[in-house]
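Colleague: I am new to this structure. Please take one part and look at it closely, then set it against the rest.

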Amino acid sequence: MSKLIIVESPAKAKSIKKYLGRGFEVASSMGHVRDLPTARLSVDVSNNFAPKYVVLKDKEKLVKDLQQKAAKSEKVFLATDPDREGEAISWHLASLLELNLSDANRVTFNEITKNGVLSGMEHPRRVDLDLVNAQQARRILDRLVGYRLSPFVSQKIRRGLSAGRVQSVAVRLIVDREQEIRAFVPEEYWTIEAKLLNQAHKSLTASFVGDQKGKIPLPDKEAADSILGRLNNAQYWVAQIKKGTRKKNPAPPFITSTLQQEASRRLGFQAQRTMRVAQELYEGVDLPEHGTMGLITYMRTDSLRISEEARAQAAEYIAAAYGKQYLPAQPRYYKSRANAQDGHEAIRPTVPSLAPAQVKASLTPDQFKLYDLIWKRFLSSLMESCLQDTVKATILAASAEERKKGRHLVFNASGYTVRFDGFTALYVEATDDEAGEDGSTQLPALKEGEPLGLKELMPAQHFTQPPARFTEASLIKALEESGVGRPSTYAATISTILHRGYILRQQKILSPTELGEAMTQLLKERFPRIVNVKFTAELEDSLDEVGKGKADYVALLREFYDEFDATLTSAKEEMKDVKIQLEEDRTDIPCDKCGRMMVIKTGRYGRFLACPGYPECKNAKPLVMESKGACPVCGKTIVQRKSKKSGRVFYGCSGWPDCEFVTWHVPTDEACPQCGKSLFQQRGGAKCCLKEGCGYTRKAERAEKKSTKEQP
């Protein structure tokens, strides 16, 4: 009889099977196998919040297969992912396979390498019920909030809405930032820069600071002109030079949140894309010289801890590739945040000496980009600091007469040169501020007392700027700093609020929709604790305490639910006749029966037009989206429709059923050069005329360019 090991993904199963060899069978659960059913609340509030789990419909056959394999096996090991979610999946599997929870049948792999797998198998333990309870508590909390609050907001704003414990706070952060931007009143200020030449005719730029008494603000043009007047015929000279040295230390290795932030800044990856690619790198990649192996350690972590073995391997590589001078005298150790769970190492390459160039041919473009980022960040975090020689020059300006009186204006110029590049030879952390770290540049050689020539004075008007809108990177940073959610949930949270239409993403910028603002306002007024950042963060800490075995999850749920239920009951009563109407739901289409302007509503089959005078006027009709072009049969407007079976968009004549023209091709406002009817764009970019008998077709633009090049 063989031993059965159950993991979450088939890719990981393949890698682990290779390392364990004969006597082991490795099967995959394909993620969760059991959960709360979606059709009902499935939490017995009156019975200590007992959850009612069911096997997922698409996993019923898989579970039966696992049960049969377990029955034939000598021993079953549960090797799901090494986090809270993975612990819960192991617990569900143990229940379904009737395994003894007192047995040491739980194994974890921080990395999918031979050493990582064999080490994990040597240290089996029991399923950690404290971690399971923490996951259950989070799942039940989210279910209670979602299933009790969502119907309420749907009734008050728009059908089909959802409210979530963490997602609502994330939307609030974006809404609050938008309101800050709207309320911001810009203030004018001016700067004056002087472009100067030293005695060797080398240029430098200095910024105006003040006079001999101190700083002088320049709030408007009048103040700037006053200083410019004093600079007429002024002489410039170097009054003081301060030289120093500054040390720039490397950033620590990645944890989940910082990986998502840096991948967003540098690679333009959305959080979900980052985590998907990281999962692939963790589970295993086929390498010609190494076989199937995981390239990175587990990617859901908030710990900055590094194993001594990995540290030694990295130090050996750094010394060989860059020289011993690139290793610090004392090894670097990074301290994790106070509330970090510290269950796993930081995200690092499993084999530090495996440079990205060596594995590039075996990776997809996304995998290579992310591995390259992780590898460089890890290696650089253990390298020597960058040393910079700094110089700050104080430059005075005054006319001959003012100089005699001891009066002068003060300018500053600063710069630096790199004495030793250290870790920057490999990697420098990106920032949200694209302007650079401090604006300083390299200065030419200067001497105290040296006269300077004026090349140009450059006054400039500025206005203070409002806070920047969030990007995915900065929102993840804000959520992490606030203690809202956990790094492993950020990608799903952002994806959810985008999908629900509460926020928009334009390029990298996140902004709230009217729907998101209305939802946030309703929750702030009626459920202030649900969207309270501090309360949500404290709830996360309480869940962590459950995971450590220091708090009872039923007591936590009871304390939360009793207040939430009372608040919901009160809100329903006080708002029973209230309906929030969004501007984006109003139209300029008059009702055929009573003349009121119709509104857009959402029903079980999608959005439709309805009279706001319901129930007096019950007029309703389909919501028709007009498209470009005209019907090639009768000349009427083309409208966009959706297939009831597939939901796929198609186009048809607005004169239906009198005119039965329909097509999958997208209408354009371009006229056919042969018959003058509207052209339609096919998949691939080609354009064609659909008037019967015309037959005009034009290849896609790229194809046209290619065919032109091929002509002699």
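Modeller: What follows begins with one helix and its cover, then turns to helix pairs and a few single residues.

This is a predicted model, in which local features need pLDDT of at least 70 and side-chain atom pairs count only at pLDDT 80 or more, while totals for chains, interfaces and linings use all residues. Residues are numbered from 1 along each chain as its sequence is written, and side-chain values use heavy atoms, with hydrogens and water left out.

The protein has 19 helices and 30 strands. Both are DSSP runs numbered from the N terminus: helices are H or I of at least four residues, and strands are E of at least two. The C-alpha trace spans about 95 × 75 × 75 Å along its principal axes. Of its 712 residues, 46% count as buried; buried means under 20% relative accessible area, exposed means over 50%, and partly exposed lies in between, with a 1.4 Å probe and protein chains only. Among contacts with a separation of 6 or more, 68% join residues 24 or more positions apart, where contact means heavy atoms within 4.5 Å.

The part to look at closely is helix α7, residues 221–230. Its buried residues include A223, A224, I227 and L228. They are on the same side of α7 because they cover an arc of only 140 degrees around the axis, the arc being that of the directions from the helix axis to the C-beta atoms. As a general matter, an α-helix has 3.6 residues a turn, so residues three or four places apart point the same way. The cover over the buried residues of α7 includes four strands: β8 (188–197), β9 (203–211), β15 (409–420) and β16 (451–463).

Two of these strands, β8 and β9, are joined by a loop that holds H201. H201 has a positive phi, near 60 degrees, although H201 is not a glycine. Its relative accessibility is 65%, so H201 counts as exposed. F49 also has a positive phi, of about 60 degrees, and is not a glycine. F49 sits in the loop between β4 (43–44) and β5 (50–51). With a relative accessible area of 0%, F49 is buried. In general, most residues other than glycine have a negative phi, and most peptide bonds are trans. The bond from W656 to P657 is cis, with omega near 10 degrees; P657 lies in the loop between β25 and β26 (662–663).

T394 is part of strand β14 (residues 386–398). T394 counts as buried because its relative accessibility is 17%. Leaving aside neighbours within four places in sequence, T394 is in contact with W237, V238, A239, Q240, V410, F411 and N412.

Helix pairs come next. Their axes are lines fitted to C-alpha atoms over the stretch in contact, and angles run from 0 to 180 degrees between N-to-C directions. Under 35 degrees counts as roughly parallel, over 145 as roughly antiparallel, 65 to 115 as roughly perpendicular, and the rest as oblique.

The axes of α8 (residues 256–267) and α14 (residues 472–482) come within 8 Å and cross at roughly 160 degrees. The pair is therefore roughly antiparallel. The crossing is left-handed, meaning that the near helix is turned anticlockwise from the far one by less than a right angle, whereas clockwise would be right-handed. From α8 the contact takes S257, Q260, Q261, S264 and R265, and from α14 it takes E472, A473, I476, K477 and E480. These contact residues divide into two nonpolar, four polar and four charged. Here Ala, Val, Leu, Ile, Met, Phe, Trp, Tyr, Cys and Pro count as nonpolar, Asp, Glu, Lys and Arg as charged, and the others, Gly among them, as polar.

Helices α5 (residues 129–156) and α16 (residues 514–526) pack at about 120 degrees with axes 11 Å apart, and are therefore oblique to each other. Their crossing is right-handed. L149, F152, V153 and K156 of α5 meet M519, L522 and L523 of α16, a set of six nonpolar, no polar and one charged.

The axes of α9 (residues 271–283) and α12 (residues 365–381) are 9 Å apart, at an angle of about 85 degrees. That makes α9 roughly perpendicular to α12. R273, T274, V277, A278, E280 and L281 in α9 meet D366, Q367, L370 and Y371 in α12. This contact divides into five nonpolar, two polar and three charged residues.
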